Amino acid sequence: MTGSEREQTQRALNAFLPEGVVVSCERFGNGHINDTYLVECAEGYPRYVLQRINQGVFHNLDALNGNVEKITAFLRKKIIAQGGDPDRETLNLIPAKDGRKNYVDGDGQCWRLVLYIEDSVCYEQVEKPEDFYLSGKAFGYFQRMLADYPAETLVETIPHFHDTPSRLTALWHAVSEDRYGYAGQVPVELEFVKAREKECHTAMDMLAKGELPLRVTHNDTKLNNIMFDARTGDALCVLDLDTIMPGLSIFDFGDAIRFGANTALEDEKDVSKVFLSLELYEMFTKGFLEGCQGSLTDEEIHMLPMGAKLMTMECGIRFLTDYLEGSVYFHTDYSEHNLVRARTQFALAADMERKWKAMTDIVEKYRV
Ligand code: GN1
Ligand code: MG
């Protein structure tokens, strides 16, 4: 951490906690968007997670903070009503000294502090297939818990977030601008996308025609956005509530498959290691459909495999676009990081095409 980062985090923490209680504050987790820190405090205090919200990504801070506050309050009530532990099963925003649930510093940077969930673990890759089943159940259940959430009170924090055709438009725009002269390096990737361009419209067209319903969705259902209970192994808490918006259930399913059922990491440099694990796909499908408890329509269930493919294509398109634009959106560790990520996504989408029949059969097997 740089000196100025230390100063900024210290200043932010002072807005929330009494002076002198913070023992350490270090970078934490693997998010690509916000800056996240684990905060250790003096005895008698819990641990916290401090986050600086990425305003390059989230332009409407009031909308974002309002959504997260409303959703955590809604979930908290439901968890209490069901006899659960609201301090562990949802995010708990710590109010700043002025009573607000976030703090904007003198430079206009926005910070939030949440309780760290003790005795919990988070996975970048599936270690036990059972965990992936549990994560499916948790995301399905999460979707169900929000089924009666008044969607009209939510602001779209990132308009057109999972609008695959508009992500395509952004890619073609980046190619035509070609600001850094990288487009010539990626003919294979661009061809791959072009060949699937029509398919990229499928889900949004169905939404427009009313064939898929608009629901309140999480929109970032990566495995590493779930905390598991370290003692019982159960899925405990869904994180990263910044992109909860009206959206498609098949995309919540799909994004989780994209990330968790990949046999390799999202940024694996050797794409020959990238496959869709049908075993993991099956575990997640079973969990997700159980978690949704019959709340999905027949058409939504039928379209789940397409949700997986489209989320994988879309994420690859987003990584590739960001690469061409000089990696200004996703955090990167080296200059080709986004290109490497795009390649894993396209390799995964290609493997899904090879396994399409099996993906469809598995969904039918667990249809409830
Ligand atoms: C970002 O913040 P993080 O790392 O959980 C991104 C997702 C992408 C994901 C790819 C707001 O999620 O949409 O699928 O990276 N979040 C945003 O790993 O763009
Ligand atoms: Mg995250």
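Biologist: Which side chain has an N or O atom 2.5 Å from an oxygen atom of ligand 1?

Modeller: That side chain belongs to Tyr-329. Keep in mind that this is a predicted model. Glu-266 also places a polar side-chain atom 2.7 Å from an oxygen of ligand 1, and for Arg-258 the corresponding distance is 3.5 Å.

Biologist: Which residues come nearest to ligand 1?

Modeller: Out of 18 residues around ligand 1, the nearest are His-32, Lys-222, Glu-266, Arg-318 and Tyr-329.

Biologist: Now the metal. Which protein atoms are donors to the magnesium ion?

Modeller: A donor here is an N, O or S atom within 2.8 Å of the metal, and water is not among the atoms, so a site may look incomplete. For ligand 2, the magnesium ion, the protein donors are OD1 of Asn-225 and OD of Asp-240, at 2.2 to 2.3 Å. Asn-225 sits in the loop between strands S7 and S8, and Asp-240 in the loop between S9 and S10, so the pair ties together parts 15 residues apart in sequence.

Biologist: Are these two donors buried or exposed?

Modeller: Asn-225 is buried, at 5% relative accessible area, while Asp-240 is partly exposed, at 24%.

Biologist: And the nonpolar interior: which members of the largest core touch the most others?

Modeller: Leu-146 and Ile-257 do, in a core of 70 residues. Helix H4 (residues 129-145) gives the largest share, 7 residues, and both domain 1 (3-118) and domain 2 (129-365) supply at least three residues each. Beyond its sequence neighbours within four places, Leu-146 is in contact with Ile-71, Phe-74, Leu-75, Val-216 and Ile-244. A second, separate core has 32 residues, among them Val-57, Cys-110, Met-245 and Tyr-323.

Technical notes. Residues numbered from 1 in each chain as written. Chains lettered and ligands numbered in written order. Predicted model: local features only at pLDDT ≥ 70, side-chain atom pairs only at ≥ 80, totals over all residues. Heavy atoms only, no water. Donors = N, O, S within 2.8 Å, 3.2 Å for Na, K, Ca; no water. Helix = DSSP H or I, 4+ residues; strand = E, 2+ residues; numbered from the N terminus. Buried < 20%, exposed > 50% of the residue type's maximum accessible area, 1.4 Å probe, protein only. Core = buried A, V, L, I, M, F, W, Y, C linked by side-chain atoms within 4.5 Å. Domains from an automatic or database assignment. Contact = heavy atoms within 4.5 Å. Near = heavy atom within 4 Å. Polar contact = N/O pair within 3.5 Å; in protein donor to acceptor, adjacent residues only side chain to side chain.
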